[in-house]
Amino acid sequence: MAEFRGQPLYNCRNCRNPIALRDDLLSKKYKAKSGPAYLFSHVMNITVGPKEEKQLMSGVFTIADIYCRGCGEVLGWKYIIAHDHAQRFKEGKFILEIAKIAKLY
């Protein structure tokens, strides 16, 4: 069982680089380019790309793509700024596309 301090890990599906801890998972009710996605409070071993304005399903956001530090795969994005006050809870959080990650127990 792959664990970090006793927790299951989410890894990059491509290179198995550890990306997130189970305890940092906030929601499984998100959608991304490739389909279902998860919202995390914290991720690790990633590189954050340039900021861009994007119209998403829940409004306009300033986001930045996030890349696996191990292989460079795009894993999802980071919410930088929510332009709708009701969406501000997402600021500083991360979307990981399920198709790009694997949960190791």
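**Exercise 1. Serine 34**

Does serine 34 count as buried, partly exposed or exposed, and at what relative accessibility?

*Solution.* The model is a predicted one.
- Step 1: locate the residue. Serine 34 sits in the loop between S4 and S5.
- Step 2: apply the cut-offs. Buried means under 20% relative accessible area, and exposed means over 50%. Serine 34 has 39% relative accessibility, so it counts as partly exposed.
- Step 3: list its contacts. With neighbours within four places in sequence set aside, serine 34 is in contact with Glu97 and Ala99.
- Step 4: check a distant partner in sequence. Glycine 76 is 42 residues from serine 34 along the chain, and their C-alpha atoms are 9.6 Å apart.

**Exercise 2. Overall fold**

Work out the secondary structure content and the overall dimensions of the protein.

*Solution.*
- Step 1: count the elements. There are 0 helices and 10 strands.
- Step 2: write the order. Along the sequence the pattern reads β-β-β-β-β-β-β-β-β-β.
- Step 3: test compactness. The radius of gyration is 13 Å, close to the 13 Å that the globule rule gives for 105 residues, so the protein is as compact as a globular protein of that length.
- Step 4: take the box. Along the principal axes, the C-alpha atoms fill roughly 40 × 25 × 20 Å.
- Step 5: add burial and contact range. Buried residues account for 43% of the 105 residues. Of the contacts between residues at least 6 apart in sequence, 44% join residues at least 24 apart.

**Exercise 3. The nonpolar cores**

Which members of the largest nonpolar core touch the most other members, and which strands each supply at least two of its residues?

*Solution.*
- Step 1: recall the trend. In soluble globular proteins, nonpolar side chains tend to be buried together.
- Step 2: find the hubs. The largest nonpolar core has 15 residues, and Ile19, Phe40, Val43, Leu75 and Leu96 touch the most other members.
- Step 3: map the core onto strands. At least two residues each come from S2 (7-12), S3 (18-21), S5 (35-40), S7 (59-68) and S9 (94-97).
- Step 4: take one hub in detail. Beyond its neighbours within four places in sequence, leucine 75 is in contact with Cys12, Ile19, Ile46, Ile66, Tyr67, Cys68, Ile95, Leu96, Glu97 and Lys100.
- Step 5: look for a further core. Another one, of 11 residues, lies apart from the largest, and its members include Tyr30, Ala32, Phe61 and Ile95.

**Exercise 4. The largest pocket**

Describe the largest pocket by volume, lining and residue type.

*Solution.*
- Step 1: give the volume. The largest pocket holds about 180 Å³.
- Step 2: name the lining. The lining residues are Lys29, Tyr30, Lys31, Ala32, Leu56, Met57, Ser58, Trp77, Tyr79, Lys90 and Ile95.
- Step 3: assign elements. Strand S4 (25-32) and strand S8 (74-82) are the elements that give two or more residues to this lining. S4 gives the most, with 4 residues.
- Step 4: sort by type. The lining divides into 7 nonpolar, 1 polar and 3 charged residues.

**Exercise 5. Two isoleucines**

Is isoleucine 63 buried or exposed, and how does isoleucine 81 count?

*Solution.*
- Step 1: place them. Isoleucine 63 belongs to strand S7. Isoleucine 81 belongs to strand S8.
- Step 2: classify isoleucine 63. Its relative accessible area is 2%, so isoleucine 63 is buried.
- Step 3: classify isoleucine 81. Its relative accessibility is 37%, so isoleucine 81 counts as partly exposed.
- Step 4: list contacts, leaving out neighbours within four places in sequence. Isoleucine 63 is in contact with Pro50, Lys51, Glu52, Lys54, Leu56, Trp77, Lys78, Tyr79 and Ile80. For isoleucine 81 the partners are Val60, Phe61, Thr62 and Glu91.
- Step 5: read two C-alpha distances. Isoleucine 63 and proline 50, 13 residues apart along the chain, are separated by 8.3 Å. Isoleucine 81 and valine 43, 38 residues apart along the chain, are separated by 18 Å.

**Exercise 6. Positive phi**

Examine the backbone and surroundings of arginine 16 and asparagine 45.

*Solution.*
- Step 1: recall the norm. Most residues other than glycine have a negative phi.
- Step 2: read the angles. Arginine 16 has a positive phi, near 70°. Asparagine 45 also has a positive phi, of about 55°.
- Step 3: place them. Arginine 16 lies in the loop between S2 and S3. Asparagine 45 lies in the loop between S5 and strand S6 (46-56).
- Step 4: classify exposure. Arginine 16 has 45% relative accessibility and therefore counts as partly exposed. Asparagine 45, with a relative accessible area of 26%, is partly exposed.

Notes. Residues numbered from 1 in each chain as written. Predicted model: local features only at pLDDT ≥ 70, side-chain atom pairs only at ≥ 80, totals over all residues. Heavy atoms only, no water. Core = buried A, V, L, I, M, F, W, Y, C linked by side-chain atoms within 4.5 Å. Buried < 20%, exposed > 50% of the residue type's maximum accessible area, 1.4 Å probe, protein only. Contact = heavy atoms within 4.5 Å. 1 Å grid on protein atoms, 1.4 Å probe; cavity = no way out; pocket = protein on both sides within 12 Å on 5 of 7 lines; lining within 4 Å. Points joined across faces, edges and corners; volume = space filled by probe spheres on them. Nonpolar A, V, L, I, M, F, W, Y, C, P; charged D, E, K, R; others polar. Rg over C-alpha atoms; globule rule 2.2 N^0.38 Å.
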